[in-house]
Amino acid sequence: MLFVTCGIIFSPHLPFSDNPTIQKAVEFAIHGMITLFALALLLFALGRYQLMFVAMGCVGALCVFLKSESNNHLILPKNELAPKLSIAHFNLSSVNDSREEFLEYVVDLDADVLSFQELTPDWNIFLTEGLKEKYKNSQRNVRIDFFGKALFTRNTIVDKNILEIEGIPSLMLSIKIGSQIVNLISLYCLPLDEKSKQVSLEQLKVITQEITTSRFPTILLGDLNMVYWSNEIRAFRKNAKLENSRRGFSPLGFKVPHDHMFFSRELECSNFENLTDPKSNHLGLFGSFQFKNLPSEEEIRASVGSLGSK
């Protein structure tokens with residue numbers, strides 16, 4: 001129990017952190033925590049109290065570890081006057097319903113930005129036609145492989161670029177939110193194996209440099225094919241100074257979150273949710289963001305009141 005728990009929490013500092021067994025244990029850390037909790041209950045029933053306390057200690061350590069890697073705000077920020085940006089992200093390979101039903105669902109979300117990955121030529125034609133009335137600005141990179149992407153927005157585009165790293169394109173878009181500017185990055189990483197891991201690490205390294213040298217805050221989104229508590233994502237978020245939008249996830253079945261929305265510390269996440277189809281299949285993510293340190297409505301009223309009293 002202690003070996004597995006320490007292997008999960010301290011794996012970046014262990015010489016065998018690249019071991020496939022350790023990596024798989026890290027990926028399913030939440031399921032391991034639930035298993036340890038069930039074991040603790042069994043040990044309690046059997047009267048093995050010392051082992052039970054060890055198991056519960058491991059459960060507590062994993063709880064703290066996983067919570068520290070998620071959005072740990074107990075109450076989501078709310079500022080009625082701060083400029084907001086809502087984003088919906090989808091991987092089009094997850095769409096099981098008819099395209100017309102999916103398009104209706106997407107439009108009804110009324111997000112400011114729509115992100116699509118695995119954009120193929122047929123999907124590009126369909127989405128461009130279906131979204132042209134509501135989303136007049138876009139950046140697209142159409143491919144026949146996994147790497148096609150698109151960002152549709154109602155906001156004014158200030159700048160856009162396609163950054164190709166190891167043959168994999170990433171969309172980079174700067175848009176206006178009120179009087180502020182925010183960078184959006186659509187990133188896709190291949191599922192990890194010995195070869196693709198090096199490619200993904202190079203992607204994260206280059207993206208980190210882009211984020212840290214920019215004058216504007218960044219929201220990064222996409223299918224990274226890594227859980228947010230993995231060694232690679234933990235190091236990436238630390239170096240790029242990005243926060244996690246997720247506050248947790250439901251560990252039903254053996255599915256773990258591979259799609260993410262990370263954001264710069266100048267921003268706040270005011271809402272985050274997983275998007276599902278009518279059969280509860282995962283479709284994507286929805287997040288709302290706003291700038292920090294802008295005066296709230298109450299602060300402005302108090303300021304106006306104090307001026308009026310002078």
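This passage walks through a predicted model of one protein chain, from its overall make-up to a few helices and single residues.

Let's start with the big picture. The chain has nine helices and twelve strands. It runs to 310 residues, and 48% of them are buried. What about contacts between parts of the chain that are separated in sequence? Of the contacts that link residues at least 6 apart in sequence, 62% join residues at least 24 apart.

Now for helix H4, which takes in residues 49-68. With its 20 residues, H4 stretches 28 Å from the first C-alpha to the last, and that is close to the 28 Å expected at 1.5 Å a residue. Which residues of H4 are buried? They are Met52, Ala55, Cys58, Val59, Leu62, Phe65 and Leu66. These buried residues sit on the same side of H4, because they cover an arc of only 150 degrees around the axis. Turn to the face of H4 that points away from the buried side, and the exposed residues Gln50, Phe53 and Val64 show up there.

H4 has a packing partner, helix H3 (residues 29-45). The axes of H3 and H4 lie 8 Å apart, and the angle between the two helices is about 155 degrees. Angles over 145 degrees count as roughly antiparallel, so H3 and H4 are roughly antiparallel to each other. As for handedness, H3 passes H4 in a left-handed crossing. On the H3 side, the contact is made by Ala29, Ile30, Met33, Leu36, Phe37, Ala40, Leu43 and Phe44. H4 answers with Tyr49, Leu51, Met52, Ala55, Met56, Cys58, Val59, Leu62, Cys63 and Leu66. Several names here will ring a bell: Met52, Ala55, Cys58, Val59, Leu62 and Leu66 are among the buried residues of H4 and also take part in the contact with H3.

A second helix pair is made up of H7 (residues 194-212) and H8 (residues 231-240). Their axes come within 9 Å and cross at roughly 15 degrees. Since angles under 35 degrees count as roughly parallel, H7 and H8 are roughly parallel to each other. The crossing of H7 past H8 is right-handed. Which residues meet where these two helices pack? H7 brings Lys197, Leu201, Leu204, Ile207, Thr208, Ile211 and Thr212, while H8 brings Glu232, Phe236, Asn239 and Ala240.

H7 also holds Ser196. Is Ser196 buried or exposed? Its relative accessibility is 6%, so Ser196 counts as buried. If neighbours within four places in sequence are set aside, Ser196 is in contact with Leu190 and Pro191.

Next come two glycines, starting with Gly287 in strand S12 (residues 282-291). Gly287 has a relative accessible area of 0%, so this residue is buried. Here's a nice case of the chain bringing distant stretches together: Gly287 and Ser86 are 201 residues apart in sequence, yet their C-alpha atoms are 5.7 Å apart in space. Ser86 is also one of the contacts of Gly287 once neighbours within four places in sequence are left out, along with Leu85, Ile87, Met261, Asn271 and Phe272.

The other glycine, Gly148, belongs to the loop between strand S3 (137-141) and strand S4 (149-153). Although Gly148 is in a loop, this residue is buried, with a relative accessible area of 0%. Gly148 and Pro169 are 21 residues apart in sequence, and 8.0 Å separates them from C-alpha to C-alpha. Beyond neighbours within four places in sequence, the contacts of Gly148 are Phe116, Gln117, Glu118, Leu119, Asn141 and Arg143.

Finally, a look at backbone angles. Glu166 is not a glycine, yet has a positive phi of about 55 degrees. Where does Glu166 lie? This residue is found in the loop between strand S5 (157-165) and strand S6 (168-177). Glu166 counts as exposed, at 53% relative accessibility. Asn225, another residue other than glycine, has a positive phi near 55 degrees. Asn225 lies in the loop between strand S8 (218-223) and H8. Is Asn225 buried or exposed? With a relative accessible area of 18%, Asn225 is buried, whereas Glu166 is exposed.

Technical notes:
Residues are numbered from 1 along each chain as its sequence is written. This is a predicted model: local features need pLDDT of at least 70, side-chain atom pairs count only at pLDDT 80 or more; totals for chains, interfaces and linings use all residues. Side-chain values use heavy atoms; hydrogens and water are left out. Helices (H or I, at least four residues) and strands (E, at least two) are DSSP runs, numbered from the N terminus. The expected span of a helix is 1.5 Å times one less than its number of residues. Buried means under 20% relative accessible area, exposed over 50%, partly exposed in between (1.4 Å probe, protein chains only). The arc is that of the directions from the helix axis to the C-beta atoms. Axes are lines fitted to C-alpha atoms, for helices over the stretch in contact, and angles run from 0 to 180 degrees between N-to-C directions. Angles under 35 degrees count as roughly parallel, over 145 as roughly antiparallel, 65 to 115 as roughly perpendicular and the rest as oblique. A crossing is left-handed if the near helix is turned anticlockwise from the far one by less than a right angle, and right-handed if clockwise. Contact means heavy atoms within 4.5 Å.
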